[in-house]
Amino acid sequence: MVTSFDIPRLVVAAPSSGSGKTTVATGLMAAFAERGLAVSPHKAGPDYIDPGYHALATGRPGRNLDAFMCGPELVAPLFAHGAAGCDLAVVEGVMGLYDGAAGRGELASTAQVAKLLRAPVVLVVDASSQSRSVAALVHGFASFDPQVRLGGVILNKVGSDRHEAMLREALEEAGMPVLGVLRRAPQVAAPSRHLGLVPVAERRADAVAAVAALADQVRAGCDLEALMALARTAPALACEPWSPASAPARTWGSAPDPAPQTPERLDVAGAVAPVIAVAGGPAFTFSYAEHAELLTAAGAEVVTFDPLRDEALPTGTTGLVIGGGFPEVYAPELSANEPLRKAVAGFAAAGGPVAAECAGLLYLARSLDGKPMCGVLDADARMSERLTLGYREAVAVSDSALAPAGTRLRGHEFHRTVIEPGAGAAPAWGFTHPERRVEGFVQRGVHASYLHTHWAAEPSVARRFVEAAAKRP
């Protein structure tokens, strides 16, 4: 049923990456949360790391809005699901405002997300090397697409009072409101490494302090009242909030179900619910909140474990999910936990269903940078100088616990490692765009691949996996 969903909301965008979107978005989330508002945090695109800081700032799960992986038609429903009951929603953009999937026009851009949400945009501009030219820059972004409503600018990395005065004068001439001015503050910058920011789980105490500092900086430099007033100008959205219990099946290349049907929950009456163990902790931080929600809605009990510390799988484990993260950073510690490595290998050898993405693929390999891993796959992984990054269109090559052969999904690759060989005798995926190749491994109950997917795009993946887990003794 389509309903009217009314929540104040802002999209925080920028002309390019590195302008300060995460600083401003996270600081705004924290500053408004400190006022007692329930703030719903969102991130455009596939990024896993920024939502961890958003969750720390708001106390709510950081949720992704990815129009490529999930389809434009799911952006508003997923947003409504995450923002239900909140006082304000803040969406951090991806890359530059108009940058999206390569060769696909506006698809998966921040601009597209803003239009789908009918949300005003706040443009964060790195003003460190310009003065009056800022007006020309902002004018270009405001006029490029008339359907994108640019509601104001936050100037970042401003050097002095005089610098600020020149910037304000230029933007006043252009008729663009200045909603905030932030000075250079390296002390609140989060550390980065080969794939971006260091995740919250790896630096919890420091991350808490950094988010508090961001809130202080934004509170001092931004007009929170004006920003909230802008957020309230967003009109009501007419959409049905996404629900893990009633999400329609969706396969890329075919049309969505015309009338979403509520799937029956796995019948576990009188029986123990299948236990799906999900890897977590500092080495495995990449996950979408909707995955656990879909598994639970399908009838599973979801239990998190930490491969760095836990020496056994959770009691009663009948299914295993090992998502993305940074096993390359923790290879010695993961290798040293031999009891758990043997437990995972034994579970897989016995035919237990295992879904492994990227970091999970490396953990299941025979070795990672020369350190013994679980040995489930007859393959070895190592760090590489080459960054593999981009959206992929894929079709399942082999029947697996996740999907029957022929299932089409869209996903994302993001890693600086290689695994040799890159595919097993029964590959997991065949990529159809932007390049054609097979990738990953399907053997017994294991599905292991570099490809990150968002199960909200195809909820039958979660149900099929829970059904496979329920068949385990």
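This is a short walk through a predicted model, from its sheet to the helices around it and on to one helix further along the chain.

Let's begin with the open sheet, whose seven strands are paired in parallel and follow the order β4-β3-β5-β2-β6-β7-β8. The strands β4 (63–65) and β8 (178–183) form its edges, each pairing on one side only. If you look from strand to strand, neighbours are turned against each other by 25° on average, direction ignored. Within the sheet, β2 (residues 9–13) runs parallel to β6 (residues 121–126), and three bridges join the two. You can find Val11 standing opposite Val121 of β6.

Now add the helices. Helix α1 (residues 21–34) packs on the sheet, where it touches β2, β3 (39–44), β5 (88–92), β6, β7 (150–158) and β8. The direction of α1 makes about 165° with that of β5. Helix α4 (residues 110–117) lies across β2, β3, β4, β5 and β6, and runs at about 170° to β2.

Finally, follow the chain to helix α11 (residues 338–349). With twelve residues at 1.5 Å a residue, α11 should span 16 Å, and its end C-alpha atoms are indeed 16 Å apart, so the two agree. Which residues of α11 are buried? They are Leu340, Arg341, Val344, Phe347 and Ala348. Viewed down the axis of α11, these buried residues fall within an arc of 130° and therefore line one face of the helix. An α-helix has 3.6 residues a turn, so residues three or four places apart point the same way. Just after α11 comes Gly351, with a positive phi of about 90°.

Key: Residues numbered from 1 in each chain as written. Predicted model: local features only at pLDDT ≥ 70, side-chain atom pairs only at ≥ 80, totals over all residues. Heavy atoms only, no water. Pairing = 2+ DSSP bridges. Helix = DSSP H or I, 4+ residues; strand = E, 2+ residues; numbered from the N terminus. Axes fitted to C-alpha atoms, helices over the stretch in contact; angles between N-to-C directions. Contact = heavy atoms within 4.5 Å. Expected span 1.5 Å × (residues − 1). Buried < 20%, exposed > 50% of the residue type's maximum accessible area, 1.4 Å probe, protein only. Arc of directions from axis to C-beta.
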